[in-house]
Amino acid sequence: MNFHEHNYLSKKLKSGDKKAYDFLMDTYYGKLCSYARSLINDKNKAEDIVQNVMVTIWVNRKKINYTSSVRSYLYKSVYNEFIAEFRKNVKVIYLEKKYIEAIDLVIENESLDIDRLMTIVNKEINNLPTKCREIFILNKKEGLTHQEISEHLNISIKTIEGHMTRAFKLLNKKLGDKIKPILFILYDFNNVLKAKSFNI
């Protein structure tokens, strides 16, 4: 039984093979919970989202059409479950477009592990020069503008821009094209949530 093979796994899931479903749970449940936590930063709510997705997949197994891959379908389903709640509170047309683009760039590559990639990105951020790292985190993680960072650290905006440019150059050198979508998933998306004072 090669459940790692997309067509075989999707066929077995549709037929109601419990071993295929167990494989799905064992392989992806933890990873999906980590991904969901990156969206809402709440362990219990993240697990609720993933559990709802997994239950829905089993209940609707005969109707689901895995157009790309089971893995891709799972991540998009978790995102859709989250955004269904988010949509009740704020307008997210532009945000959805940007986020879908970001997550698609990552999950379309079957060889990539989102959890591992996020860990690598965070590691490289921590390896940035001290002042460069501090400014980068204030901007990306804390969501401060260049003006706010300037006032907070008592340095010029030009200096801040120089550190941000250096940070991106160093991260691009280490991570290449992966950096932008992962930074959006890790930081920018949640900064928008904070700005909207959204609380699921």
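Helices here are DSSP runs of at least four residues, numbered from the N terminus; a loop such as the one between α8 and α9, which holds asparagine 154, is named by the helices on either side. The model described below is a predicted one.

The chain comprises 10 helices and 0 strands, so that its pattern, read along the sequence, is α-α-α-α-α-α-α-α-α-α. Of its 200 residues, 42% count as buried. The chain exposes about 11500 Å², and carbon and sulfur atoms supply 49% of that area. Among contacts between residues at least 6 apart in sequence, 66% join residues at least 24 apart.

Confidence varies along the chain. The mean pLDDT is 76, and 70% of the residues reach 70 or more. By helix, the lowest confidence falls in α5 (residues 93–107), at a mean of 55, and the highest in α8 (residues 146–153), at 90. Over residues 192–200 the pLDDT is below 50, although this stretch has 16 contacts in the model beyond near neighbours in sequence. Where pLDDT is low, the predicted coordinates should not be read in detail.

The walk through the structure may begin at the N-terminal helices. Serine 10 is found in helix α1, which spans residues 6–14. At 11% relative accessibility, serine 10 counts as buried, because the cut-off for burial is under 20%. Not counting residues up to four places away in sequence, serine 10 touches Tyr66 and Val70. Serine 15, by contrast, belongs to the loop between α1 and α2. Its relative accessible area of 53% makes serine 15 exposed, since exposure is set at over 50%. The C-alpha atom of serine 15 is separated by 7.7 Å from that of arginine 61, a residue 46 places away along the chain.

Helix α2 covers residues 18–40. Its N-terminal end is capped by aspartate 17, with a side-chain oxygen of this residue lying 2.8 Å from the backbone nitrogen of lysine 19. Further along, the helix has a kink of about 45°, centred on tyrosine 28. Tyrosine 28 is itself one of the buried residues of α2. The buried set also includes the aromatic residues Tyr21, Phe23 and Tyr35, together with Leu24, Leu32, Leu39 and Ile40, among others. After α2 comes asparagine 41, whose phi is positive, near 55°.

Cysteine 33 is another buried member of α2, with a relative accessible area of 3%. Where does cysteine 132 lie? Cysteine 132 is found in helix α7, which runs over residues 130–140. This residue is also buried, at a relative accessible area of 1%. A disulfide is a covalent bond between the sulfur atoms of two cysteines. The structure holds 0 disulfides, so no pair of cysteine sulfur atoms lies within the 2.5 Å that would define one.

The surroundings of cysteine 132 link α7 to a later part of the chain. Leaving out residues up to four places away in sequence, cysteine 132 touches His163, Arg166 and Ala167. Its C-alpha atom is 9.2 Å from that of threonine 165, which is 33 residues away in sequence. Histidine 163 has its place in helix α9, residues 157–175. Is histidine 163 buried or exposed? Its relative accessible area is 19%, so histidine 163 counts as buried under the 20% cut-off. Apart from neighbours within four places in sequence, histidine 163 is in contact with Lys131, Cys132 and Ile135. The contact between cysteine 132 and histidine 163 therefore joins a residue at 1% relative accessible area to one at 19%.

Helix α8 precedes the loop that leads to α9. Glutamine 147 lies in α8, and is partly exposed, with a relative accessible area of 41%. Between the C-alpha atoms of glutamine 147 and isoleucine 160 the distance is 9.0 Å, for a separation of 13 residues in sequence. The loop between α8 and α9 contains asparagine 154. At 70% relative accessibility this asparagine counts as exposed. Its phi is near 60°, a positive value in a residue other than glycine.

How values were computed
Residues numbered from 1 in each chain as written. Predicted model: local features only at pLDDT ≥ 70, side-chain atom pairs only at ≥ 80, totals over all residues. Heavy atoms only, no water. Bend = angle between axes of the 7 residues up to and from the residue. Helix = DSSP H or I, 4+ residues; strand = E, 2+ residues; numbered from the N terminus. Buried < 20%, exposed > 50% of the residue type's maximum accessible area, 1.4 Å probe, protein only. Polar contact = N/O pair within 3.5 Å; in protein donor to acceptor, adjacent residues only side chain to side chain. Contact = heavy atoms within 4.5 Å. Areas by Shrake-Rupley, 256 points an atom, 1.4 Å probe, with all protein chains shown as cover. pLDDT = per-residue confidence, 0-100.
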